[in-house]
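Here are some questions about a structure, with the reasoning behind each answer. Keep the sequence and the 3D view open while reading.

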Amino acid sequence: MGLFGGRKTVFVDADILVIGGGMAGCGATYESRYWGRDLKIVCVEKANIERSGAVAQGLYAINCYMGMQWGENQPEDHVRYARNDLMGLVREDLGYDIARHVDSAVHKFEEWGLPIMRDPETGRYQREGKWQIMIHGESYKPIVAEAARKAASEVYNRIMVTHLLMDKSKANRVGGAVGFNVRTGDFYVFRAKAVIVAAGGASHIFKPRAVGEGMGRTWYAPWSSGSAYALPIQVGAKMTQMENRIVLTRFKDGYGPVGAYFLHLKTYTQNGYGEEYESKWYDHTKALVGDYIDRHPVPTCLRNHAFIEEMKAGRGPIRMVTKEAFQDPHKETVGWENFLGMTIGQAVVWASQNIDPKHINPELTTSEPYVMGSHATCSGAWASGPEDYAPAEYQWGYNRMMTVDGLFGAGDTIGGTAHKFSSGSFTEGRIAAKAAVKYVNDMGRDRPQVSEQEYQDLEKSIYQPMENYRVGRNEIVAGTVSPSYLLPIHGLQRLEKIMDEYVGGTSTNYMTNGVMLNRGLEMLAMLKEDMSHIGAEDLHQLQRTWELHHRLLASESVTHHTLFREETRWPGYYYRGDHMKLDDDKWHCFTLSRYDRNTGKWDMEKAPVYHIID
Ligand SMILES: Cc1cc2nc3c(=O)[nH]c(=O)nc-3n(C[C@H](O)[C@H](O)[C@H](O)COP(=O)(O)OP(=O)(O)OC[C@H]3O[C@@H](n4cnc5c(N)ncnc54)[C@H](O)[C@@H]3O)c2cc1C
């Protein structure tokens with residue numbers, strides 16, 4: 001009997017299983033109950049939904065709100081905006097679907113107690129920018145979680161989901177999931193008619209800029225471990241745009257947000273010599289991407305591009321000019337409060353570095369890349385679109401269902417739909433849930449059956465790292481080093497280094513090419529071989545092990561997609577040195593991948609981009 005030989009196996013049956021109780025998961029849980037009054041709705045979360053996910057520490061703005069009640073924007077405007085920002089490539093059907101429903105989700109947040117700032121003159125929500133409204137959002141997540149808690153039949157906190165289960169009679173139909181309780185070690189088998197994956201994006205797949213004592217500090221939540229991608233990839237769901245990683249311009253060392261500074265405080269950037277620099281790179285950028293540089297607003301990646309080039313030219317550091325705005329006491333207050341509601345760490349970093357933005361213009365940096373589907377980026381699963389709006393080629397089933405039957409997704413999980421942010425992710429969760437309820441109701445008596453053999457085999461491999469440790473620790477030398485196993489942290493650092501050096505991380509200034517990507521794939525394959533030798537000292541390390549498995553599979557996907565797209569579509573996010581230009585003739589398309597877990601092979605294909613909105 002191993003270290004956890006006494007663990008229980010807990011079986012949970014559900015109609016709808018929601019994996020991940022972040023913004024999208026809470027939206028999915030809430031809406032499942034609305035449409036499925038008598039259904040058993042179960043939400044499973046590896047942390048605690050009260051404070052989990054990327055919104056855990058609160059937000060200062062809701063970044064996706066149309067304001068249709070005041071005629072501020074229409075859903076079509078948002079599709080145009082997202083399409084422009086993503087250099088032409090978004091799923092317009094999915095984006096439109098979110099935009100037409102997002103306002104009602106925000107109104108619910110307010111009804112549930114979220115304080116939204118109002119413009120004293122107009123009485124409307126206080127705008128930070130064209131799409132953003134300002135909130136007192138420290139408690140944003142607990143407020144949203146309360147609605148999900150009340151709607152769910154059961155919420156299981158502290159369960160790390162490691163694998164999906166498939167129906168034993170229908171090869172391409174999902175039947176549930178397995179995982180383990182990160183506190184008790186109990187093994188969980190969830191059997192469900194439909195599964196909604198809402199497990200967030202991926203940080204820590206590229207080496208972070210913050211190392212040593214700052215290790216763990218990242219822009220996107222450090223616990224975003226790529227499960228949203230790995231779980232569907234493992235069972236053969238198609239992924240899209242996984243190459244479209246995002247790089248953020250943020251305040252240096254604390255990754256503090258810049259949105260409120262640019263949009264509300266009207267601060268601006270300059271190089272180390274106090275000069276405006278973006279316009280200097282206009283011709284250079286135009287040669288790479290053509291007319292996309294003339295679009296308004298300038299796409300996020302292209303603004304990064306000017307920053308990166310200016311740094312490479314030796315004229316850094318790039319600074320945010322705060323000294324002028326901070327002379328206004330109101331703006332100074334807003335500047336600080338922006339961090340207190342969202343990224344307190346940035347205020348602490350400034351204090352520790354003697355930076356008072358009233359007197360010193362703080363430095364900015366470009367972050368390491370992240371993989372996600374809800375920000376100015378759209379990596380994720382390939383999903384069926386809304387019945388009333390999606391082109392025929394984008395419809396093979398229920399709205400937001402992936403290419404696996406009964407498997408739905410929302411938020412960072414779903415690809416092709418950038419700029420949904422917190423409110424759009426919650427909204428997409430609602431959309432997916434409505435469709436999942438319909439799927440369950442249409443199913444009749446033909447419910448999926450999971451194989452006992454399958455989950456018993458999985459149980460064995462899930463806990464194997466603890467057994468590896470139990471046996472291998474007898475050979476420990478130099479404190480923690482054992483010839484028989486590697487620790488999850490070693491595996492993580494190896495992954496981050498491979499991704500950083502071969503797939504376009506910070507150390508190569510986001511540059512890669514076909515040769516480097518192929519070498520990266522070889523290195524990833526070697527890491528994959530070693531994954532069966534991970535030793536986990538305790539349940540915490542067991543969780544780290546499975547997070548690493550998920551990050552690794554997501555990374556493989558990113559690398560294959562980056563290799564497949566032979567152009568530089570998003571300079572400022574990454575560069576293919578062997579294909580430095582945007583190539584609309586060949587690559588105005590989505591990239592799709594499908595992983596075969598039996599052979600370990602990835603199939604790549606192109607899918608057309610349909611422009612539905614003029
Ligand atoms: C620093 C920062 C600033 C941001 N600023 C804004 C802003 O100002 N305005 C705005 O609107 N949006 C903002 N966003 C974006 C917003 O947070 C995301 O768009 C949104 O949270 C995505 O929702 P999601 O449900 O897909 O992921 P999340 O909210 O991250 O939820 C994912 C959930 O899945 C859980 N999970 C992951 N893996 C597993 C697993 N294997 N098993 C079980 N559970 C799992 C996680 O613990 C988490 O609870 C910001 C994000 C960050 C990180």
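Q: What covers the buried residues of α14?
A: The model is predicted, and contact here means heavy atoms within 4.5 Å. The buried residues of α14 are Gly-514, Leu-517, Gly-520, Leu-521, Leu-524 and Leu-527. Their cover includes α13 (488–502), β16 (511–512), α15 (539–564) and β17 (575–576).

Q: How many degrees of arc around the axis do the buried residues of α14 cover?
A: An α-helix has 3.6 residues a turn, so residues three or four places apart point the same way. The buried set in α14 is Gly-514, Leu-517, Gly-520, Leu-521, Leu-524 and Leu-527. These residues lie on the same side of α14, because the arc they cover is only 130°.

Q: Which residues are exposed on the other side of α14?
A: A residue counts as exposed when its relative accessible area is over 50%. On the side of α14 away from the buried residues, this holds for Val-515 and Glu-529.
One of these, Val-515, also takes part in a contact at the start of the helix: its backbone nitrogen has a side-chain oxygen of Asn-513 within 2.9 Å. The exposed residues named on that other side are Val-515 and Glu-529.

Q: How far apart are the end C-alpha atoms of helix α14?
A: Helix α14 runs over residues 514–530, which is 17 residues. At 1.5 Å a residue it should span 24 Å. The distance between its end C-alpha atoms agrees with this: 25 Å.

Q: Is Leu-527 buried or exposed?
A: Leu-527 lies in helix α14 and touches Gly-491, Arg-494, Leu-495, Ile-498 and Leu-552, leaving out residues up to four places away in sequence. Gly-491 is 36 residues away along the chain, yet the two C-alpha atoms are separated by 7.4 Å. Buried means under 20% relative accessible area. Leu-527 has 0%, so the answer is buried.

Q: What is the relative accessibility of Thr-562?
A: Thr-562 is in helix α15. Beyond four places in sequence, the residues it touches are Glu-243, Arg-245, Val-503, Thr-512, Leu-517, Tyr-574 and Arg-576. Thr-562 counts as buried because its relative accessibility is 0%.

Q: What percentage of the ligand's area does the protein bury?
A: The ligand is surrounded by 32 residues. Polar side-chain atoms of Ser-52 and Ser-422 lie 2.8 Å and 2.6 Å from oxygen atoms of the ligand, and one of Ser-227 lies 2.9 Å from a ligand nitrogen. Taken alone the ligand exposes 1,000 Å², and the share of that buried by the protein is 96%.

Terms used:
Residues are numbered from 1 along each chain as its sequence is written. This is a predicted model: local features need pLDDT of at least 70, side-chain atom pairs count only at pLDDT 80 or more; totals for chains, interfaces and linings use all residues. Side-chain values use heavy atoms; hydrogens and water are left out. Helices (H or I, at least four residues) and strands (E, at least two) are DSSP runs, numbered from the N terminus. The expected span of a helix is 1.5 Å times one less than its number of residues. Buried means under 20% relative accessible area, exposed over 50%, partly exposed in between (1.4 Å probe, protein chains only). The arc is that of the directions from the helix axis to the C-beta atoms. A polar contact is a pair of N or O atoms within 3.5 Å; within protein, one must be able to donate a hydrogen and the other to accept it, and residues adjacent in sequence count only if both atoms are side-chain atoms. A residue is near a molecule or strand if one of its heavy atoms lies within 4 Å of it. Accessible areas come from the Shrake-Rupley method with a 1.4 Å probe; for residues, only the protein chains shown count as cover.
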